[in-house]
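Thanks for coming, everyone. I would like to take a few minutes to walk through one model with you, beginning with the overall fold and then turning to a few side chains.

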Amino acid sequence: MAASGICSHEARAPRLSARLIAKAIGPIWEANHVWLILVVVVLFTAFPPAYALISTSLHVALLLLLLGIVLRGSAFIFRAYDATAAPGRWGRVFAVASVFTPILLGVVVGAISSGAIHSPGEHVALAYFFTWVAPFPVAVGLFAVVLFALLAAVYLTLETDDATLQNDFRRRAFACEIVAALVALVVFLLAQQDAAGIRERLANSWWAWPLQAATALAALGTLAALWARRFHLARACAAGQVTLILWGGRWRNIPI
């Protein structure tokens, strides 16, 4: 009977996780779009040449990114209020949009940071795809979605007192941390060919190694805190780790 009870609880875990996620983001999900409006307005107003170049060369990727943002927000609302929909339909839309949207955000960042974007010629329509469908931007996109998943898993451990759910998100956070390290290595290796400027700064700048050491310490701190079930400390370390990655991107002249 004990085994059947455990199996029953595990079977309900995905539903409980979905409810927890909806409860956590419910009060603030509309604010998710504020950063987008701010970035677009500031870029258009302060840096019109950059806005024109990015919005032209990467307009396909940006269009897909905006579609993902719209689908994610719409699916979240329809999942809560559409009583006529089949169970799980909007949940699947929300899940898919939540995956490919951060991937596309990372792809755009990778394409810009590689320095490969340019205004396509009048008859070079495929250039709209060549600038972002490349190994380095795709790797940066995968790195972005893994970091999103890491932060989500770590933060959600503090959104519930249910030990089973905490263990579930704790395992996910462990997995995301390991995958993040592997994908970061792939990004570093691909930068040698597709983003030589970034690779040069990463390898030879005086600030690169201290910054990478601090990032590694933050990642190890996240793993140690998760292992010890000190979830508040794990959240602080994970936030610090991602902040250092973004800060390093700024120092490497990556516009993120």
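When I speak of elements here, I mean helices and strands taken as DSSP runs, where a helix needs at least four residues and a strand at least two, numbered from the N terminus. With that in mind, and remembering throughout that this is a predicted model, the elements of the chain run α-α-α-α-α-α-α-α-α-α-α from the N terminus on, which is to say that there are 11 helices and 0 strands.

Let me add some figures for the chain as a whole. It has 256 residues, and 36% of them count as buried. The accessible surface comes to about 14,900 Å², with 70% of that belonging to carbon and sulfur atoms. If we take the contacts between residues at least 6 apart in sequence, 72% of them join residues at least 24 apart.

Now to the aromatic side chains, where the structure holds 3 aromatic pairs. One of them is formed by Phe-44 and Tyr-51, an edge-to-face pair with 5.1 Å from centre to centre and 80° between the planes. Tyr-51 itself counts as partly exposed, because its relative accessibility is 27%, and the partly exposed class runs from 20% to 50%.

Another pair brings together Phe-174 and Trp-227, whose ring centres are 6.4 Å apart and whose planes stand at 75°, so this pair is edge-to-face as well, given that an angle over 60 degrees is what the term requires. This pair links distant parts of the chain, since Phe-174 belongs to helix 8, residues 163–194, and Trp-227 to helix 10, residues 208–227, with the two positions 53 residues apart in sequence numbering. Are these two partners buried or exposed? Phe-174, at 18% relative accessibility, counts as buried, whereas Trp-227, at 65%, counts as exposed.

A further ring to look at is that of Tyr-155, because Arg-235 lies over its face, at 5.4 Å from the ring centre.

Finally, let us turn to the surface, and ask which residues make the nonpolar patch of about 220 Å². The patch is made by Leu-64, Leu-67 and Leu-71. Of these, Leu-64 is found in helix 4, which covers residues 59–81, and at 34% relative accessibility Leu-64 counts as partly exposed; that value fits the patch, because a residue needs over 30% relative accessible area to be part of one.

Notes. Residues numbered from 1 in each chain as written. Heavy atoms only, no water. Phe/Tyr/Trp six-rings, centres within 6.5 Å; stacked < 30°, edge-to-face > 60°. Buried < 20%, exposed > 50% of the residue type's maximum accessible area, 1.4 Å probe, protein only. Lys NZ or Arg CZ within 6 Å of the ring centre and 35° of its normal. Patch = residues over 30% accessible without salt bridge, like charges linked within 9 Å, V, L, I, M, F, W, Y side chains within 5 Å. Areas by Shrake-Rupley, 256 points an atom, 1.4 Å probe, with all protein chains shown as cover. Salt bridge = Lys/Arg side-chain N within 4 Å of Asp/Glu carboxyl O. Contact = heavy atoms within 4.5 Å.
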